[in-house]
Amino acid sequence: MNRLAAEGLLVQTDRRGFAVPVISREDLVDLTQARCWVAEVALREAIRCGDDRWEEGVVLALHRLDRLSADHESTVPESKIRLESAHRAFHSALLGACPSKRLLLYSEQLFDLANRYRSLARALNAVLNKRDRTQEHHEIARLTLARDSSGACALLTQHFQTTCDIALAYWDELYGHIDPARKSVDPGPKSTAETV
């Protein structure tokens with residue numbers, strides 16, 4: 001739990017233990033911007049340094065994601081876990097040839113932090129069906145493998161930003177009636193963060 005707290009996934013309070021951190025619009029926007037900056041540098045470096053093995057890893061990760069995405073409507077928890085794992089593996093494979101281990105580690109930490117907000121985006125997208133993530137992943141991979149740094153980075157940034165925009169729309173739908181002065185929502189029961 002100390003490690004999760006150090007990575008921002010839990011909040012530690014003296015004499016009270018650990019709690020899930022509150023979510024807020026400001027945190028989502030800041031998190032998305034940080035992900036875009038980190039991913040752009042890492043992807044540019046991966047494209048610059050990547051070899052045949054890296055390219056094969058991207059193609060394989062995309063293929064696995066495609067196979068599991070075909071069953072994205074499944075309500076079976078194991079299917080959702082496998083899909084999320086394949087999604088993470090694809091994004092990791094894109095950046096995998098970046099020579100900076102610290103940058104890759106930070107990218108993974110940001111991915112974890114974004115997961116809470118990504119679930120908001122998925123919930124609204126399921127209702128509106130306004131996004132083809134499979135096509136987005138294919139286009140990002142195509143430009144990456146074509147060594148088009150500018151195009152691939154622009155699409156990856158747009159991919160993250162679209163998730164952010166959908167999550168913000170869902171946020172407004174859920175919490176738009178709340179006093180605007182209150183800019184965050186406590187995810188725990190009875191408006192208190194759930195102690196772990």
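Helices and strands here are DSSP runs, with at least four residues for a helix and at least two for a strand, numbered from the N terminus. By that assignment, R147 sits in the loop between α6 and α7. The model is predicted. Its protein chain contains seven helices and four strands, in the sequence order α-β-β-β-α-α-α-α-α-α-β.

**Chain overview**

- The protein chain has 196 residues, of which 38% are buried.
- Among contacts in the protein chain with a separation of 6 or more, 74% are between residues 24 or more positions apart.

**Helix α2**

- Helix α2 covers residues 25-49, a run of 25 residues.
- From the first C-alpha to the last, α2 reaches 36 Å, close to the 36 Å expected at 1.5 Å a residue.
- The buried residues of α2 include L28, L31, V38, L43 and I47.
- T32, R35 and C36 are also among the buried residues of this helix, as are A34, A39, A42 and A46.

**Packing of α3 and α6**

- Helix α3 (residues 52-69) packs with helix α6 (residues 133-145) at an angle of about 170°, and their axes are 11 Å apart.
- Angles over 145 degrees count as roughly antiparallel, and α3 and α6 are therefore roughly antiparallel to each other.
- On the α3 side, the contact is made by W54, E55, V58, V59, L62, L65, D66 and S69.
- On the α6 side, the contributing residues are T134, H137, H138, A141, T144 and L145.
- By class, the residues of this contact between α3 and α6 are seven nonpolar, five polar and two charged.

**The loop between α4 and α5**

- A97 is located in the loop between α4 (77-95) and α5 (101-128).
- Buried means under 20% relative accessible area, so A97, at 17% relative accessibility, counts as buried.
- A97 and I47 are separated by 50 residues in sequence, while their C-alpha atoms are 7.3 Å apart in space.
- I47 is itself one of the buried residues of α2.
- Apart from neighbours within four places in sequence, A97 is in contact with E45, A46, C49, G50 and W54.
- Of these partners, A46 is listed among the buried residues of α2, and W54 belongs to the α3 side of the contact with α6.

**H159 and T163 in helix α7**

- H159 is placed in helix α7, which spans residues 149-175.
- H159 has a relative accessible area of 5%, and it is buried because this value is under the 20% limit.
- Between the side chains of H159 and H91 there is a polar contact of 3.4 Å.
- Not counting residues up to four places away in sequence, H159 touches H87, H91, R131, E136, H137 and I140.
- One of these, H137, also takes part in the contact of α6 with α3.
- T163 lies in helix α7 as well.
- The relative accessibility of T163 is 16%, so T163 counts as buried.
- A polar atom of the T163 side chain lies 3.3 Å from the backbone oxygen of H159.

**R147 between α6 and α7**

- R147, in the loop between α6 and α7, has a phi near 60°, a positive value in a residue other than glycine.
- The relative accessible area of R147 is 31%; partly exposed covers values between the 20% and 50% limits, so R147 is partly exposed.

Terms used. Residues numbered from 1 in each chain as written. Predicted model: local features only at pLDDT ≥ 70, side-chain atom pairs only at ≥ 80, totals over all residues. Heavy atoms only, no water. Axes fitted to C-alpha atoms, helices over the stretch in contact; angles between N-to-C directions. Parallel < 35°, antiparallel > 145°, perpendicular 65-115°, else oblique. Contact = heavy atoms within 4.5 Å. Nonpolar A, V, L, I, M, F, W, Y, C, P; charged D, E, K, R; others polar. Buried < 20%, exposed > 50% of the residue type's maximum accessible area, 1.4 Å probe, protein only. Polar contact = N/O pair within 3.5 Å; in protein donor to acceptor, adjacent residues only side chain to side chain. Expected span 1.5 Å × (residues − 1).
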